[in-house]
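Here are my notes on the model, set out as numbered points. Please read them with the structure open.

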Amino acid sequence: MLTCPNTRGENHLKEPSKAEVEFEAALRSLGVEVDAKEYKFHPVRRWRFDFAWPDKKVAIEVEGGVYMRGRHVRPKGFIGDCEKYNMALLMGWKVLRAPVDGRDWSITAAANVKRLLRDTK
């Protein structure tokens, strides 16, 4: 698995959220190996994907805090995410978004990743 330097240049990953741990377990249950966590995909910006498969340019973002007015749903965070996802698309990435909603979100998101990896050349 690839690791990327954090914003201070250190080669270690941020502590995973509870949702990211749950999602990674769902991936493993479907036989999907994670290629990279916290993958820095842009050459200049500090943007990272929660999970990525760089050889296929496939990524997924675990979107937490949906019901708690977290960063992803507040105006500044939402606009920043739009900029990030638009640039990723322009760079040829396929990015799935997985909102953490308390139901079977993780297994559904993992199944979507598995399907996209299978269908991407």
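1. I start with a strand that is covered on both faces. In β3, Val 58, Ile 60 and Val 62 point to one side and Ala 59, Glu 61 and Glu 63 to the other, and all of them are buried. In a regular strand, side chains alternate between the two faces of the sheet. The strand spans residues 58-63, and six of its six residues are buried. Note that this is a predicted model, so the accessibilities behind "buried", which means under 20% relative accessible area, are computed from predicted coordinates.

2. What are the partners of β3? On one side, three bridges join β3 to β2 (residues 48-53), and this pair runs antiparallel. Within the pair, Phe 51 stands opposite Ile 60, and Ala 52 is opposite Ala 59. To strand β4 (residues 94-99), β3 is joined by six bridges, and here the two strands run parallel. Glu 63 of β3 has Pro 99 of β4 opposite.

3. The sheet as a whole is open and has four strands in the order β1-β2-β3-β4, with mixed pairing. Its edges are β1 (36-40) and β4, each of which pairs on one side only. On average, neighbouring strands are turned by 40° against each other, direction ignored.

4. Two helices should be viewed against this sheet. Helix α1 lies across β1, β2 and β3, and runs at about 10° to β2. Helix α3 packs on the sheet as well, touching β2, β3 and β4, and its direction makes about 170° with that of β4.

5. How do α1 and α3 cross? The axes of α1 (residues 18-29) and α3 (residues 105-119) come within 8 Å and cross at roughly 55°. That angle makes α1 oblique to α3, and the crossing is right-handed. From α1, the residues in contact are Ala 19, Glu 22, Phe 23, Ala 26, Leu 27 and Ser 29; from α3 they are Trp 105, Ser 106, Ile 107, Ala 109, Ala 110 and Val 113. By type, this contact divides into nine nonpolar residues, two polar and one charged.

6. Two backbone angles deserve a look. Glu 38 is not a glycine, yet has a positive phi of about 50°. Glu 38 is placed in strand β1 and counts as buried, because its relative accessibility is 12%. Lys 57 is also not a glycine and has a positive phi of about 55°.

7. Where does Lys 57 lie? Lys 57 is in the loop between β2 and β3, a hairpin with four residues between the strands. At 33% relative accessibility, Lys 57 counts as partly exposed.

8. For orientation, the overall layout is as follows. The protein has three helices and four strands, and along the sequence they follow the pattern α-β-β-β-α-β-α. Of the 121 residues, 40% are buried. Among contacts with a separation of 6 or more, 58% are between residues 24 or more positions apart.

Key. Residues numbered from 1 in each chain as written. Predicted model: local features only at pLDDT ≥ 70, side-chain atom pairs only at ≥ 80, totals over all residues. Heavy atoms only, no water. Axes fitted to C-alpha atoms, helices over the stretch in contact; angles between N-to-C directions. Parallel < 35°, antiparallel > 145°, perpendicular 65-115°, else oblique. Left-handed = near helix turned anticlockwise from the far one by under 90°. Contact = heavy atoms within 4.5 Å. Nonpolar A, V, L, I, M, F, W, Y, C, P; charged D, E, K, R; others polar. Buried < 20%, exposed > 50% of the residue type's maximum accessible area, 1.4 Å probe, protein only. Pairing = 2+ DSSP bridges.
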